[in-house]
Amino acid sequence: MKTWHMPRRIAVAVFMIAGLALVSARAGDDRLPKRDGEVPATTNRVPHIQIGAEPVPQLSDRLLQRVAALPGVKLRATVISLPGAKGFWLSETIDLARPQAIVGGREFAHLHPDGSLHASLPPARAREAVKAGWAAMHPWADSRPGWEGFVLLYTPRTREETDIVFQLLVDGYNYVTGDDHEATEL
């Protein structure tokens with residue numbers, strides 16, 4: 001049986017071209033990937049929480065550091081969630097494009113002790129996050145003006161999931177502020 005071998009320099013060139021094509025495709029594609037595994041269970045009342053979530057402290061810490069690096073965001077005790085939750089508070093110096101999407105004070109999102117989060121997203125992005133298995137709509141999302149995109153984001157289990165959750169938080173930040181900030185690494 002005869003095997004075919006590609007010369008090394010051709011293999012490297014093919015690999016590089018394929019990689020560039022993948023990066024280019026991703027750069028213009030902001031669709032969410034499907035989340036692996038079963039969709040987590042949540043309560044269907046307030047408090048709206050994920051059931052059986054196990055936080056990964058290193059991932060939560062990394063997420064908090066990235067959120068705190070967003071312009072005008074301060075981490076502080078939540079004004080609307082469970083004790084121990086960290087609120088993502090927008091400074092008074094930041095203009096609000098959609099103040100009705102803020103559910104308490106200037107808190108556009110918060111991290112629960114179990115690693116799950118609540119966030120105000122653009123309504124279409126919230127529906128996409130639910131469909132892709134990243135989120136559940138808040139029980140009051142359809143009954144309160146401005147809450148059409150208010151979701152529970154599931155606890156990230158890996159660094160890759162943390163990156164996607166951070167991107168969703170940046171989407172929420174941009175929606176509430178009218179900014180066009182990009183999700184970046186620390």
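Contact here means that heavy atoms lie within 4.5 Å. Keep that in mind as you work through these exercises on a predicted model.

**Exercise 1. Find out what surrounds glycine 87, and decide whether this residue is buried or exposed.**

Solution.
1. Locate the residue: glycine 87 sits in strand β2.
2. Check the accessibility. A residue is buried when its relative accessible area is under 20%. Glycine 87 has 0% relative accessibility, so this residue is buried.
3. List the contacts, skipping residues up to four places away in sequence. Glycine 87 then touches Lys74, Leu75, Arg76, Ala77 and Thr78, along with Glu107, Ala109 and His110.
4. Finish with a distance: from C-alpha to C-alpha, glycine 87 and leucine 117 are 9.7 Å apart, with their positions 30 residues apart in sequence.

**Exercise 2. Work out which elements build the largest nonpolar core, and which of them supplies the largest share.**

Solution.
1. Start from the residues. The core has 33 members, and those touching the most other members are Val73, Phe88, Phe108, Leu117, Leu153, Leu168 and Leu169.
2. Move on to the elements. At least two core residues come from each of α2 (57–68), β2 (86–90), β3 (107–111), β4 (117–120), α3 (123–131), β6 (150–153) and α4 (159–177).
3. Compare the shares: α4 gives the largest one, with 9 residues.

**Exercise 3. Show why the buried residues of α3 line one face of the helix, and say what covers them.**

Solution.
1. Pick out the buried residues of α3: Pro123, Arg125, Ala126 and Ala129.
2. Look down the helix axis. These buried residues fall within an arc of 160°, and therefore they line one face.
3. Recall a helix rule: with 3.6 residues a turn, residues three or four places apart point the same way.
4. Turn to the face pointing away from the buried side, where the exposed residues Ala124, Arg127 and Lys131 are found.
5. Look at the cover over the buried residues of α3, which includes β5 (135–137), β6 and α4.
6. Step just past the helix: glycine 133 takes a positive phi of about 85°.

**Exercise 4. Trace which backbone atoms the side chain of threonine 177 reaches.**

Solution.
1. Place the residue: threonine 177 belongs to helix α4. Its relative accessible area is 12%, so threonine 177 is buried.
2. Follow the side chain to the backbone oxygen of tyrosine 173, at 2.7 Å.
3. Follow the side chain also to the backbone nitrogen of aspartate 179, at 3.1 Å.
4. Add the contacts beyond four places in sequence: threonine 177 meets Leu90, Ile94, Asp95 and Ala97.

Notes. Residues are numbered from 1 along each chain as its sequence is written. This is a predicted model: local features need pLDDT of at least 70, side-chain atom pairs count only at pLDDT 80 or more; totals for chains, interfaces and linings use all residues. Side-chain values use heavy atoms; hydrogens and water are left out. A nonpolar core is a set of buried Ala, Val, Leu, Ile, Met, Phe, Trp, Tyr and Cys residues joined through side-chain atoms within 4.5 Å. Buried means under 20% relative accessible area, exposed over 50%, partly exposed in between (1.4 Å probe, protein chains only). Helices (H or I, at least four residues) and strands (E, at least two) are DSSP runs, numbered from the N terminus. The arc is that of the directions from the helix axis to the C-beta atoms. A polar contact is a pair of N or O atoms within 3.5 Å; within protein, one must be able to donate a hydrogen and the other to accept it, and residues adjacent in sequence count only if both atoms are side-chain atoms.
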